[in-house]
Amino acid sequence: STVADPNRELVTSLVRELLGLLQAEDPAVRLRAAHYFARTQLVGTWTGGIDQVREAVDDADPDDEVLAPLLQGLVRMDRLEDHHRFLRALTTSGDWRVRAVAAQALGTPRMLEVEGTRSALLEVTRTDPSYHVVQSAAVGLAEGPFAPRELVEEAAASLAAGTAQWRRQVPFVQLLGEMGREDEVLDWFDRLVDAGEPAAIVRAIQELQQIPSTAMGPAIMALADHEDDQVRAEVVSAVAENWFAWVATEEGISEVFQILAEAVHQGPGLAANRAARALAEPAFHSFGAVGELLEAEAARPASDVSGRTVLLRALGEAGDPLAEERLRDGLEEDDFRVRRAAARGLELLTGQAPAGLEIPAVERPVDPERLRAMGPRPRMVVETDGGEIVVVLAADEAPQTVTTLAEYIEAGHFDGVPFHRVIPNFVAQGGDVVFGDGSGTPGARLTSEFTQIPFVRGVVGMASSGKDTEGSQFFFTHSPQFHLDGAYTAFGWVESGEDAMDRIQPADRIVSVRWMPDPELGGR
């Protein structure tokens, strides 16, 4: 059409310019140009320039971070002609991000059939120092048309060797389970539980529930009374999501209900909150779920606002008229968050939103005294399971975000909270102080503060579901993510501890967080 033609010419011109910039002397320019080929949904716009992208790959140093986005672009083209490029990157690059992309590329069905691919990926699972690369290689091998016997035996031998290297063993758990070697998986899991490391148990539970076997259910449910709240919470989540595949009798459903009912009374805590949401399911109504929810809500202290709001919403979702009186009482509570949850519960229960309810606009003003005490460049020290990460905070550019996080830090809200979302070569995200799984929002939502900090490697940003919806969740970027610029609040960057950032795995925890004033304040 006459409208489309000028647009097509403009895009073609821009892509031609970006292809040329792949040979720019400035590495920052090359990196930004390469980002287009990794991210664009319009792959057809640069099909004609694929040889220029290949040339840039061939010319790049094996450790140049520009290789990662360039290889991502070639992955999307899915051409066997690029197999040797992926293999070379996997075996020669010193940058784990490049190796991870190469492992993902080689783990596709077409690439796996090329001679030497499986053996190269298998060697990576044995020797690569990065969990992310091992995970990418193992997933690729396991998801091919068939798992080679050598890989299966390697996985079995790894799990039999003990649990000290559990981080390297986790990628093989699902593979062995799907190959029918459940006994070996469960034996490893038992030994892991005996070792007692909560992060390892949580990560293992996440993998076990991916195995399509009823044998996994009893092993996981046996940990329902574990002493660690995060482990109990993971058990509750697994039970809530998989019970219908694990149990087939009324007696079995009753056992699941008892696990959830006991967990909901163990609050405040993550396990109790997750159990409340699960008990709202219709399958548990006949066992007395609404009565358990009412009893648990009545027993929660007034200070446990997040737990009470979860329970009130669950009462509404359960759809039982027995909950209506308590929900209406909740409309008179002092805390607006409780009133809001009660109103939402009533709307879910009755189909009508309560009229005349006063809920104040949720705003969190900047505390000027706290801001002055912090200075323009304070530090946030994040102790994780993998080590210490020191972050420079841009308090002058994102004052609301930084002062709010400082308040949460001082209250200890982040202590023990997991990293619930880790995507290799993208982000490691945690900080859900309500549920720990990415669905929680603490109190007031923050205003988006779009700073001038670009999302390069090691930048720290706030997670959100749209403008002005930030809460407490934050993420570290593994690599440049320029498409996030102007869409997410970037409020700091890693000053030291990038190696610890790279070691973060799903279910690893934020052990503790503290903040320190800007060193330039001179101790004031």
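Hi everyone. The residues lining the second largest pocket divide into 14 nonpolar, 9 polar and 9 charged. I start there on purpose, and please keep in mind throughout that this is a predicted model.

Let's stay with that pocket for a moment. About 670 Å³ of space lies in it, and 32 residues line it. If you want to find its centre on your screen, look for Gln206, Glu207, Gln209, Gln210 and Glu234, the lining residues that lie nearest to it. Which element gives the largest share of this lining? That would be helix 15, with 7 residues. Helix 9 (131–142), helix 11 (166–178), helix 13 (198–208), helix 17 and strand 3 are also among the elements that each supply at least two residues.

Now for the largest pocket. Its volume is about 1300 Å³, and its lining runs to 44 residues. Nearest the centre are Ser306, Thr309, Val434, Thr441 and Pro442. The elements giving two or more residues to this lining are helix 15 (229–246), helix 17 (270–279), helix 19 (305–318), helix 21 (336–350), helix 23 (399–410) and strand 3 (417–423). You have already met helix 15, helix 17 and strand 3 in the lining of the second largest pocket. In the largest pocket, though, it is helix 19 that gives the largest share, 7 residues. As for chemistry, this lining divides into 16 nonpolar, 14 polar and 14 charged residues.

Let's move to the strands. In what order do the 8 strands of the barrel close? The order is 1-2-7-5-6-4-3-8, with antiparallel pairing. From one strand to the next, the twist averages 35°.

Take strand 1, residues 379–384, as a way in. Of its 6 residues, 5 are buried, so the strand is largely enclosed by the rest of the structure. On one side, strand 1 pairs with strand 2 (residues 387–393) in the antiparallel sense over 6 bridges, and a hairpin joins strand 1 to strand 2 through 2 residues. Strand 1 also runs antiparallel to strand 8 (residues 509–516), again with 6 bridges. Glu383 is a handy residue to click on here. Its bridge partner in strand 2 is Glu388, while in strand 8 its partner is Ser512. One residue back, Val382 has Val513 as its bridge partner in strand 8.

Elsewhere in the barrel order we have strand 4, residues 427–430. Val427 and Gln429 point one way from this strand, Ala428 and Gly430 point the other way, and all of them are buried. Strand 4 pairs with strand 3 in the antiparallel sense over 4 bridges; one of the bridge pairs is Arg421 with Gln429. Strands 3 and 4 form a hairpin with 3 residues between them, and Asn425 in the turn has a positive phi of about 65°. Strand 4 is also joined to strand 6 (residues 474–477) by 4 bridges, running antiparallel, and there Gly430 stands opposite Phe474.

Next, a helix from earlier in the chain. Is helix 4 (residues 67–77) largely enclosed or open? With 8 of its 11 residues buried, it is largely enclosed by the rest of the structure. The buried ones are Leu67, Ala68, Pro69, Leu70, Leu71, Gly73, Leu74 and Met77. What covers them includes helix 2 (27–39), helix 3 (50–59), helix 5 (83–92) and helix 6 (96–106). Helix 4 is followed by Asp78, whose phi is positive, near 55°.

I'll finish with two arginines. Arg30 is found in helix 2. Is Arg30 buried or exposed? With a relative accessible area of 17%, Arg30 is buried, because the cut-off for buried is under 20%. Not counting residues up to four places away in sequence, Arg30 touches Leu21, Leu22, Gln23, Ala24, Glu25, Asp64 and Val66.

Arg503 sits in helix 24 (residues 498–503). At 41% relative accessibility, Arg503 counts as partly exposed. Leaving aside neighbours within four places in sequence, Arg503 is in contact with Gly386, Gly387 and Asp508. For a sense of distance, the C-alpha atoms of Arg503 and Gly107 are separated by 22 Å, and these two residues are 396 residues apart along the chain.

That's my tour. Thanks for listening, and I'm happy to take questions.

Notes. Residues numbered from 1 in each chain as written. Predicted model: local features only at pLDDT ≥ 70, side-chain atom pairs only at ≥ 80, totals over all residues. Heavy atoms only, no water. 1 Å grid on protein atoms, 1.4 Å probe; cavity = no way out; pocket = protein on both sides within 12 Å on 5 of 7 lines; lining within 4 Å. Points joined across faces, edges and corners; volume = space filled by probe spheres on them. Nonpolar A, V, L, I, M, F, W, Y, C, P; charged D, E, K, R; others polar. Buried < 20%, exposed > 50% of the residue type's maximum accessible area, 1.4 Å probe, protein only. Pairing = 2+ DSSP bridges. Axes fitted to C-alpha atoms, helices over the stretch in contact; angles between N-to-C directions. Contact = heavy atoms within 4.5 Å.
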